[in-house]
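Get your viewer ready and keep the selection box handy. We'll hop from stop to stop, picking something to select each time and saying what is there.

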2 protein chains.
Amino acid sequence: VNFVEVIAKKRDGRELNEDDVRAFVGGAARGTLGDEQLAALLMAICIRGASTRETTLLVEAMRDSGACWRLGDAYPEAVDKHSTGGVGDSVSLIFAPLVAACGVPVTMMAGAGLGHTQGTLDKLASIQGFRAAGNREEAIARIERCGVCFAAQSQEIAPADRKLYALRDVTATVPSSALIVASIMSKKLAVGTKRLILDVKWGTGAFCKKLAEAEELAEALVSVAASAGVMTSALVTDMNEPLGNCLGSAAEVRAAVEVLEGRGDRRLTELTMALAAEALVMAGRPADEAATALRAAIEGGAARHKLDELVLAHGGRPEFTHLPRPSRTVTVTAPRAGVVRAVDGEALGWVAVSLGAGRRRQGDEVDPAAGLVVHARTGDRLLAGAPLATLEIGARDVSLDPLLDRLTQAFELGDEAPQARPLVVARFKGNL
Amino acid sequence: VNFVEVIAKKRDGRELNEDDVRAFVGGAARGTLGDEQLAALLMAICIRGASTRETTLLVEAMRDSGACWRLGDAYPEAVDKHSTGGVGDSVSLIFAPLVAACGVPVTMMAGAGLGHTQGTLDKLASIQGFRAAGNREEAIARIERCGVCFAAQSQEIAPADRKLYALRDVTATVPSSALIVASIMSKKLAVGTKRLILDVKWGTGAFCKKLAEAEELAEALVSVAASAGVMTSALVTDMNEPLGNCLGSAAEVRAAVEVLEGRGDRRLTELTMALAAEALVMAGRPADEAATALRAAIEGGAARHKLDELVLAHGGRPEFTHLPRPSRTVTVTAPRAGVVRAVDGEALGWVAVSLGAGRRRQGDEVDPAAGLVVHARTGDRLLAGAPLATLEIGARDVSLDPLLDRLTQAFELGDEAPQARPLVVARFKGNL
């Protein structure tokens, strides 16, 4: 295969065949193609798009670029959950112990954060001693012990995805439906879990700024998953404001603990319950029983107890009072009285990144103590001077003035209450 | 400037501003942007296109990435000639002494060949001792001595173009009107000649496979040149078959000498005369006097004598009987009687490259003795067994069987004569 001709094909909007896709993905994984050639093809895919067939070929080639754990062979009923990335979204940390407490094993392939959203792996890293599974044996040992396994995308899982993800980040080729599907599904297929719950975000704080884009992505994910034999349910959910009220590694672990103790953020609780219910229904529970079981697991303390168990099983200290704390906090307040018409989650996300809570580029270090807490939510009526949000400043020296301005501006105050938006907008199910 | 945002702009089809373009070109020249970022933007430009304003900004930024020779200040009447690349096209080697023999100074920024077309610099290298000018002083010394300067694109001229050209070659982003215009014009502007004759090829052997593409490119070149104060005339010419009958470095020098001695290939002679006439008219000669002067320069031997002079002025030996010769030759013949309906110039070009007459990738070595001679031209009536073309094999070991097949197949034989095509199709003039 002459790779320049492969690039030219996609440049001109023609369809790639299996040889073309294997040359691309194999070259990325083995390092035999130059970054400039990979980047050119990524941009051509981003602009020209890809057919379902091309996307499926991409997914399979990326899965096969590394090890396949086949966890679904050992645990056919195990479920994985994935979100396309949101602000203040610590659902994974709640979903895993909650669903496992209801008797359904959970495998979670967790990633590091990049850009304005934080990653589950970073949040877990704020728990002293916590270590995600790095290979099949470690994954199975954790599931055997507590019914949950958090796995880190290791060097051996889908190495082509690691390479391409890093390139996409610096070449403005992240927002491509085909490439997003390929990135997500290749890792899921490599782990080999047979059931998957997807949370596809839409809105100002998500990759998909438009609802239609998110629905299209959800449909593409579900259909590629189905063709690969994975039972999938995808919810399209609102990310026009932060999901929970905490951003930052330690802050989001705290937020998760609060939900598991039945005193958490309302929206964060609601979405986790909806996604967990999908998992129980997929495991064969009737829908009404599933909701009851989930409520009981929280109210009876089983879910909270499962969190301690899974932290122990991953080598961590389940003492959440010892989480890193901010060195100081600064609260911004409402400059006028009024109704909160909108909260710009992406802006809040970038403020948190500026404090050290996330990464501008791969390799940046994350400060687990840095983050922020949101006090005013969309629809709230405020008096002038009411608290909007609190910066939790960690170890990093930051120039506060511009951050405080950006933080204040992220809250749009007005006189009329905004129209309420549903949290869960649509649901897609894959037929096997 | 956040360069990822610049890439995203063009990805989404929005217009780049001066800061964006300077960041791109400056980053390419200084090596501060990664190849993957440059490649992604090149592909986005290739697919999304660029406005005249963006193209002009690109040209100016690329010119300013290196030294500016300002030869037009010293020789306002000097003319440069450029072709967009054709097969069997040794016009530059004829044009320069011919126009100079008529009293108009000529500056030629010559490049190395890549792909199925050969470069003027490679052809000149087959003349023992020949050295193109590498800086302003050398260029002026050569013009002073013989009225002609062949210059090599040195490290100091438009380094951004060198970088981007190498990237375009491996990323399938060569065929972009904006990038072609920027590459050509940035070098011309850096040399600073104020008059320019362009030969824009269209057809199966050219970059522009369609006439409309070539006309669009010619118009873009002429308008960007005009806005930069360069008087330009562009001819759109036929490249649906090889221009001359020789391909390869030494072979094309031989072909040029034959034209200067009045016994050259008919089509090569005709096009050179048309382009040279444009140059003389631009220098103020009436059109009919120009044609007469050019014929006289060839018939009286002045043009041929000027070739010897210019070779000497460039340190070369004007003894063309000593040009490298092939180690052996193989001739393919017509498998049937018939009329030559088409000759695939690009196929012939790649056969020549396989023999070592050109480069598949930058850095490949060119064998000056390798090439081929075309005997059968479009419209010729042949008997079965009549010679089609002769391979001139140089120092490289080649597997002949596939080459002979490809060579034979490059000639389409039929029963009806094809429609004659004009050699010069259109003419564009820039208004200053």
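Where is the place of Pro175(B)? Select it and you land in the loop between helix H9 (159-170) and helix H10 (177-191) of chain B; helices here are DSSP runs of H or I with at least four residues, strands are E runs of at least two, and both are numbered from the N terminus.

Before going on, two notes on bookkeeping. This is a predicted model, in which local features need pLDDT of at least 70 and side-chain atom pairs count only at pLDDT 80 or more, while totals for chains, interfaces and linings use all residues. Residues are numbered from 1 along each chain as its sequence is written, chains are lettered from A and ligands numbered from 1 in the order in which they are written, and side-chain values use heavy atoms, with hydrogens and water left out.

**Stop 1: still at Pro175(B)**

Pro175(B) has 40% relative accessibility and counts as partly exposed (buried is under 20% relative accessible area, exposed is over 50%, partly exposed is in between, with a 1.4 Å probe and protein chains only). Show what surrounds it: leaving aside neighbours within four places in sequence, Pro175(B) is in contact with Arg11(A), Cys46(B) and Ile180(B), where contact means heavy atoms within 4.5 Å. Now add Ile47(B), which is 128 residues apart from Pro175(B) in sequence but 9.8 Å apart in space, C-alpha to C-alpha.

**Stop 2: two helices in chain B**

Select residues 3-11 and 35-48 of chain B, which are helices H1 and H3. How do you describe a packed pair like this? By the angle between the two axes and the distance between them. The axes of H1(B) and H3(B) come within 8 Å and cross at roughly 20°; axes are lines fitted to C-alpha atoms, for helices over the stretch in contact, and angles run from 0 to 180 degrees between N-to-C directions. H1(B) and H3(B) are therefore roughly parallel to each other (under 35 degrees is roughly parallel, over 145 roughly antiparallel, 65 to 115 roughly perpendicular, and the rest oblique). Their crossing is left-handed, as when the near helix is turned anticlockwise from the far one by less than a right angle; clockwise would be right-handed.

Light up the side chains next. From H1(B), the contact uses Phe3(B), Val4(B), Val6(B), Ile7(B), Lys10(B) and Arg11(B), and from H3(B) it uses Gln37(B), Ala40(B), Leu41(B), Ala44(B), Ile45(B) and Arg48(B). Those residues divide into 8 nonpolar, 1 polar and 3 charged (Ala, Val, Leu, Ile, Met, Phe, Trp, Tyr, Cys and Pro count as nonpolar, Asp, Glu, Lys and Arg as charged, and the others, Gly among them, as polar).

**Stop 3: another pair, over in chain A**

Go to H2 (residues 18-30) and H4 (residues 52-63) of chain A, which pack at about 40° with their axes 9 Å apart. That angle makes H2(A) oblique to H4(A), and the crossing is right-handed. On the H2(A) side, pick Glu18(A), Val21(A), Arg22(A), Phe24(A) and Val25(A); they meet Leu57(A), Leu58(A), Glu60(A), Ala61(A) and Met62(A) in H4(A). The split here is 7 nonpolar, no polar and 3 charged.

**Stop 4: a buried strand**

Select residues 106-110 of chain A, strand S2. Why is S2(A) largely enclosed by the rest of the structure? Because 5 of its 5 residues are buried. Val106(A), Met108(A) and Ala110(A) point one way, and Thr107(A) and Met109(A) the other. Add S3(A), residues 148-152: it runs parallel to S2(A), joined by 5 bridges (strands pair if DSSP finds at least two bridges between them). Ala110(A) has Ala152(A) as its bridge partner.

**Stop 5: two unusual backbones**

Most residues other than glycine have a negative phi. Arg70(A), in the loop between H4 and H5 (71-74) of chain A, has a positive phi near 50° and is exposed at 52% relative accessible area. Ala158(A), in the loop between S3 and H9 (159-170) of chain A, also has a positive phi, about 40°, but counts as buried at 0% relative accessibility.
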